[in-house]
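Trainee: Could you show me how to read a structure with two chains? I would like to start with the contact and then look at a helix.

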Amino acid sequence: MSSLFEIRGLKAAIEGKEILKGFDLTMGAGEVHAIMGPNGTGKSTLASSIMGHPKYEVTEGSIHINGEDVLEMGVDERALAGLFLAMQYPSEITGVTNADFLRSAINARRGEGNEISLIKFVRLMETKMKELEMDPEFMHRYLNEGFSGGEKKRNEILQMMMLEPKLVILDEIDSGLDIDALKIVAAGVNAMRSNDRSFLIITHYQRLLNYIKPDYVHVMMQGRIVKSGGPELAERLEAEGYDWVKEELGIVDETVGQA
Amino acid sequence: MSTPTTSFGREAAAAIARSKNEPAWLIAKREEAGELAAALELPKPEKTPLARWNLNVQGAHRPGKSAASPAELPIAVASQLNAQDTGALIVQHNSSVVFTRLPEELKAQGVVLTSLEEAARTHEDLLRAHLMTAYEPGEHKLSAMHAALWNGGVFLYVPRNVQIEAPVQAILFADDAEATFVPHVLVIAEANSRVSVVENLMTDLGDSSATLLHNGAVEVFAKPGAHVQYAAVHHMDNSAIDVSYRRALLEKDARIEWIVGEMHEGNTLTDTKSILKGNGSSSDAKFISVGTGSQRMSLTTGAVHFGLSTESDMVTRAVMTEAATAIINGVTKIEKGATKANGQQTERVLMLSPKARGDANPILLIDEDDVKAGHAASVGQVNAEQVYYLMSRGISRAEAERLIIYGFLDPVVSEIPLEELREKLQRILERKLG
């Protein structure tokens, strides 16, 4: 059986320090997986390594989407292949409006000669912004510049909704969101759930998973998955914390690559 | 020719003025300036050895041909204009003003737009009280040369309470490298008036090997409560040298906004200073520049705070390519007694080539305690994190860098108040950035 997304034995380092130490994950189409774990266990490194952040060096292992070798692709090619990472700390870019940026991103998918018409684009963006209860003024604001933490997160979800990726990675999308904003973001994600789209949700709180129900929950420690289960695993982690997992597995220090 | 000589002086200045039949008071001023020019040294901008520049160029008096309508202007100028536009416009061609248009309703309100040479005859008192008082002949050799040689020029007078909606456009154009090209723009905005001036400095010098020296100056006098916006795009052939000194003198609650694209292809020395004399006056300066080839640029912005609760903000953003060099200085000076003043400045340089060079020098000189002042400066390459972010949405590296570089310059481009000039600036950027 062919999976949508497959990671095998992934090792990755930043500034010579190995953070991912043999990470394995297989995701089928339409599945929602949550990766949970305390701080410093390699969760964000995983997200950045999948997307191809220039500071992270993959030293071993493989990543495939629909059978295609992701590690052979540039960052832009990964996006065109269907990957999307909602970032924890999105960049602010002066002088590039949200609308110009998203139009460029959409047109990169459509190719030359097939660009989206301005009217169609504006209508699409307005509709999606309304769903996320974003002020229409954000269309013409410079990309993320002066946005609050919550506004940045909503803007990431807006991009996801407009770009319609195959595999969505949400990196700590819940951090910095109040409960109302969290519900809106979760509704945006749920509306995108479909049989041919998968989600990888990275979080260290169970809270988000009350609103986006995962099919599988994985616990990450020391740069790899140490325990997997269903939604009930997340609930137990929320109730009891991570210590029982460490005890069960004989882990003393769950972090990786810390100074 | 590499070092400035002192051959130009009192007699030479007087001779030119007499040949143009100028009034006696102006001839006397020019004589004084000529004398200073022979005695004074060149200015000494940071890390920019002007002695190596070919500044010993006076040129000859070559007036352009007067035009009765825009269609009669040189093609290079006419093509800058929107044929439908009937707004205020003045055009200098080489050594003289060749066209002036001022809508009737502005005339009726007492607005004056003429060549400065003409104003020397018709508005002697105003000129005597203002001309070369904010930018004084005695500052250095180049200011003295300017005072002795200025020609054509723009005189804009906006009476009290008059608000001019559409921008007043000045096109300063040279196509003769041997012409004396020393325009002076003098703006007097009376109390509570409002005006926006758009200056378009350009040349069409062909293959001429002679050096054209544009030794220009702008003086803005904003009286109490007046708001003046001064936008400029400078773009000349690389055989020209751009020397531009700009000064604004602000009285109580007056405001100046500088929006400038320093896009000249050759060596450039510009110095723009707002003097915040009146309480509550404010200055906002936004500059962009793109360096190409092996050009050298010295770009200085300054704000001098005298009045209480005065505010200044200056931002310069430069993109340096190939082997271009830019020295970017920001000077915020807060004088004793200017309490509650707030002076902020930012200089940012983006380097697109290993041979390009950009220096950002923020300078704060503060003689008062109860003030706010701040600066930020950075010199670096296109931010890798930003490129990654854009690429992660499927945008190619080349397109991502293009978006970031144009975005970096957008805060000035988008604020140019005249569509034709904004589009021209876009085209220049596209050509320079490739």
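Mentor: Let us go through the contact, the annotated domains and one helix. Keep in mind that this is a predicted model.

Trainee: How many residues does each chain give to the contact?

Mentor: Chain A and chain B each put in 21 residues. On the side of chain A that touches chain B, helix H2 (75-80), strand S7 (93-97), helix H3 (98-110) and helix H5 (149-163) each supply at least two residues.

Trainee: Which element gives the largest share of that side of chain A?

Mentor: That is H3(A), with five residues. Sorted by class, the side of chain A that touches chain B holds 13 nonpolar, six polar and two charged residues.

Trainee: What does UniProt say about chain A?

Mentor: An unreviewed UniProt entry annotates residues 5-247 of chain A as "domain: ABC transporter". This span is 35% helix and 30% strand, with its end C-alpha atoms 31 Å apart. For chain B, an unreviewed entry places "domain: SUF system FeS cluster assembly SufBD core" at residues 175-408. Those residues of chain B are 9% helix and 57% strand.

Trainee: Now the helix, please. How do I read its sides?

Mentor: An α-helix has 3.6 residues a turn, so residues three or four places apart point the same way. Take helix H6 (residues 179-192) of chain A, which has 14 residues and reaches 20 Å from its first C-alpha to its last.

Trainee: Which residues of H6(A) are buried?

Mentor: They are Leu182(A), Ile184(A), Val185(A), Ala186(A), Gly188(A) and Val189(A). Their cover includes helix H4 (118-131), H5 and strand S10 (198-203) of chain A.

Conventions: Residues are numbered from 1 along each chain as its sequence is written. Chains are lettered from A and ligands numbered from 1 in the order in which they are written. This is a predicted model: local features need pLDDT of at least 70, side-chain atom pairs count only at pLDDT 80 or more; totals for chains, interfaces and linings use all residues. Two residues are in contact if their C-beta atoms, placed from the backbone, lie within 7 Å. Helices (H or I, at least four residues) and strands (E, at least two) are DSSP runs, numbered from the N terminus. Ala, Val, Leu, Ile, Met, Phe, Trp, Tyr, Cys and Pro count as nonpolar, Asp, Glu, Lys and Arg as charged, and the others, Gly among them, as polar. UniProt positions are given in the numbering used here, feature names are shortened, and annotations may be inferred rather than shown by experiment. The expected span of a helix is 1.5 Å times one less than its number of residues. A residue is buried if 20 or more other C-beta atoms lie within 10 Å of its own, exposed if 12 or fewer, and partly exposed in between; C-beta atoms are placed from the backbone.
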